[in-house]
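Me: Could you take a close look at one chain of this model, and then follow the charge pairs into its neighbour? I would like the cut-offs stated as you go.

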Amino acid sequence: MTEKTPALRLEGIVKTFPGVRALDGVSFAVMPGEVHALMGENGAGKSTLMKVLGGIYQPDEGQILIEETPTKMTTPLEAKAKGVVFIHQELSLADELSVAENVYLGELPRRSFGRVDWNRLYADTAAILDRLKVGFTPKTLVGDLSIANKQMVEIARALTVEAKAVIFDEPTASLTDAEKDVLFEVIADLKARGAGIIYISHRMEEIFRITDRVSVLRDGQHTGTATTADTDEEAVTQMMIGRKLDLSRNAVHHELGDVALEVRKLSCGDLYTDVSFQVRRGEVAGFYGLVGAGRTEIAETLFGLRDPSSGEILLDGQKARIHSPNEAIARGISLVPEDRKGQGLVLGMNCRDNMTLPQVDDLKAGPFVAEGAEVSIFDQYRDRLDIRTPGWKQLVGNLSGGNQQKIVIGKWLSMHPSVLIVDEPTRGIDVGSKAEIHNLIRDLAAQGYAVIVISSEMPEVLHVADRIYAMFQGRITQEFTSDDVTEDNLVRAISGLADNGASQVA
Amino acid sequence: MQAGTPSTFLKRGAIWGFILFELIFFSVAGEILSLSEKAFMDLDNMLLLFKQSAPIGIIAMGMTIIMINGNIDLSVGATFALCAIVLLDSLTWPIFAGLGDWVIPVSWGLALLTGVALGAINGMIVWKTGVDAFIVTLGSMLGYRGLVFMYNGEQPTSHLNWTLVDFAEAQFLGLHTATWFLLAVTLVIWFVMTRTIHGRNAYAIGDNREAAVNAGIRVGPHMVINFMIIGFLAALSAVVFYSESGSVNPNDGELYELWIITAVVLGGTKLTGGAGSVISTFGGVLAIQLLRKGLGHIGADTSTVNLVIGLILIAVLYLDRQLNRKGAEELKT
């Protein structure tokens with residue numbers, strides 16, 4: 001492999017933003033006919049690097065070489081014309097247009113007077129779709145396709161040029177296993193045609209299944225490249241986080257209190273079915289499963305954002321009907337949502353105002369807001385949660401992910417809830433702050449809160465939860481205690497492969 | 001925050017800088033062209049300017065809340081006209097004949113109540129149907145205007161009550177009645193937006209509606225209250241203006257919504273909600289009024305006023321966009 005010229009080579013790429021060195025001299029090369037995994041924690045610089053490659057950002061230093069020719073790319077279209085093609089994680093398709101129009105968006109074949117050459121458009125698109133072995137035609141409206149098929153359209157876009165390098169950014173996030181197999185075939189096909197492939201994914205099993213080499217980024221630096229066959233998960237993880245991952249269970253055991261929340265046979269349409277569980281005071285219940293397994297929807301139901309179609313919810317042994325977040329909050333249920341910025345925080349407001357948002361009604365002095373009381377609440381939780389901010393006047397949008405999450409948690413703690421639901425507590429938070437948030441959740445349980453943690457990260461549920469509910473396709477497939485859980489069983493339970501357990505699915 | 005300081009200052013201060021520029025420009029231009037023997041910054045002239053700002057200014061305060069909240073209200077002009085008719089017509093109703101001048105507070109009350117009711121209708125429709133406020137109030141703008149025409153056809157509705165006229169033309173500490181109303185409304189709404197829970201929630205909902213819902217804020221009722229406030233203010237504006245003029249044409253208040261939105265946007269309130277200031281809206285109202293007056297002062301055709309304001313509005317929004325850009329790394333769109 002070494003004697004060939006790399007399809008794409010990066011040399012000492014540096015990119016800084018005010019206050020951050022997002023990329024600090026990154027160099028690596030992708031050979032033609034190679035699948036090269038790029039891994040790294042969130043915030044390690046992967047997306048910045050991809051944007052540099054895609055012509056969205058210009059590097060401050062260093063250069064990009066395509067087949068050893070130094071190249072400057074200033075727009076995504078220019079990058080594509082030079083043979084660097086992206087398959088984005090977030091679909092960027094126009095739903096109201098046909099598949100063919102989307103595939104050639106911005107590059108529609110033309111005839112005289114600016115007319116579109118429809119015949120050529122449909123013929124060319126059909127040829128590409130043939131290669132992908134998909135079941136839809138060029139004239140299908142993209143809005144009518146499933147997510148997986150939309151992903152295929154995104155991939156079809158990449159095939160309109162003879163690509164020298166193709167970059168896949170978390171392509172399997174929304175695909176089923178069968179669809180993944182098709183995707184991997186497409187990748188193998190591209191590889192056989194001599195394209196260099198950069199494959200970004202968090203899923204270890206995919207990395208070890210399809211890639212030839214792995215490069216790892218950490219804090220904007222390239223920490224190493226290994227041949228996939230010669231390495232293992234542990235070594236890659238260590239490169240990613242710079243130390244061995246602490247997978248040890250939480251050993252602290254404390255007395256559990258009464259059942260704070262019980263759910264019996266709760267269903268909501270086809271989102272989830274016959275879900276029953278209970279959470280005691282002082283206990284952390286973990287909900288583990290794939291995206292779309294119904295975990296978030298259960299949380300939304302408990303918080304009054306959805307109405308269940310059947311089943312009941314009991315708080316402290318009393319039946320409760322919850323129809324709005326307002327009622328949920330009044331009954332002591334709090335939700336730290338999955339999408340912190342979109343659902344949890346008002347980014348344009350300062351720290352104090354965000355912290356007291358749910359209780360500002362109770363903090364009045366006559367018709368006015370009692371700002372003094374607000375500041376003292378903020379100070380109290382800033383100290384208790386160790387929130388690092390220059391002061392309460394700081395806009396929440398300027399804080400780091402970890403500190404933002406603490407603001408959301410502090411917001412709910414200041415309401416003295418009995419049940420705290422935390423959906424994906426550490427999404428988009430750096431490794432150091434992750435441990436802090438985990439400890440915080442353990443502390444809260446020790447203080448007598450009933451805590452529900454929803455997570456897609458296995459180490460997280462293993463580390464944090466006393467009891468784990470595994471979910472698959474809207475059902476709880478198995479329940480584990482921290483003593484009887486093993487990684488293997490957990491994986492089987494969330495893939496519908498559980499061979500024991502009360503309510504298993506076929 | 002460090003990087004934002006100069007641009008924040010510019011943004012907050014821009015409208016006042018613009019007003020200063022207008023004052024200087026029109027004074028100097030007026031001198032050079034010497035079309036009028038009176039100076040532009042003549043005291044009487046300025047007092048009149050405040051008074052003339054009042055009808056639009058009072059409603060603009062309500063529009064500021066609505067827009068910070070993430071909505072818009074296009075029906076204010078029609079509400080204004082309808083409330084004016086209620087005011088003037090009810091003064092002559094036979095059942096109030098025995099009241100003498102006590103009919104005035106009754107008619108005022110009826111007009112204000114009409115405004116609140118019309119606002120409540122807008123708000124309830126927006127809340128209960130979930131249709132965008134732009135569409136709902138576009139509909140009610142046409143509907144309310146239709147009611148105005150149904151009332152008296154193309155004919156003006158007139159009634160002069162001299163007690164009322166005396167009150168409206170009175171000057172206290174040199175300022176006209178209308179000016180006092182404008183100042184009072186500005187002050188009250190400023191307090192509401194900066195010091196009360198309602199104001200705090202308006203910013204939160206406008207900035208991130210989902211987060212506000214998740215914090216247990218009842219977004220629907222909150223919006224209805226805002227529409228009732230702007231309805232009340234549209235009525236108040238009508239009451240103040242028509243107490244003096246005593247005659248309302250069915251076309252009165254047309255295009256008010258656009259002038260008002262222009263003033264609010266000039267003052268820096270975001271169309272998408274979540275940010276804005278009542279004091280800056282006050283500046284926006286004065287800036288527009290100055291421009292209209294100033295162009296007249298230097299002898300420009302009144303029809304050029306619209307052209308100039310339109311250009312300035314676009315220039316201001318472009319400037320705002322430049323100041324708000326996060327830098328070169330912002331995505332090109």
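Reply: With its 333 residues, chain B has a radius of gyration of 21 Å, which agrees with the value near 20 Å for a compact globule (taken over C-alpha atoms, the rule being 2.2 Å times the number of residues to the power 0.38). This is a predicted model, in which local features need pLDDT of at least 70 and side-chain atom pairs count only at pLDDT 80 or more, while totals for chains, interfaces and linings use all residues. Residues are numbered from 1 along each chain as written, chains are lettered from A and ligands numbered from 1 in written order, and side-chain values use heavy atoms, leaving out hydrogens and water.

Along the principal axes, the C-alpha atoms of chain B fill a box of roughly 70 × 60 × 35 Å, and 51% of the residues of chain B are buried (under 20% relative accessible area, with exposed over 50% and partly exposed in between, using a 1.4 Å probe and protein chains only). Its secondary structure comprises 13 helices and four strands (DSSP runs of H or I, at least four residues, and of E, at least two).

Arg200(B) belongs to a network of salt bridges that also includes Arg352(A), Asp353(A), Glu371(A) and Glu374(A), each bridge being a Lys or Arg side-chain nitrogen within 4 Å of an Asp or Glu carboxyl oxygen. Over all chains there are 33 salt bridges. In chain A, Arg467(A) pairs with Glu283(A) at 2.8 Å between the closest N and O atoms, and both residues are buried. Arg467(A) also meets Glu479(A) at 2.7 Å, N to O, where Glu479(A) is partly exposed at 42% relative accessible area.
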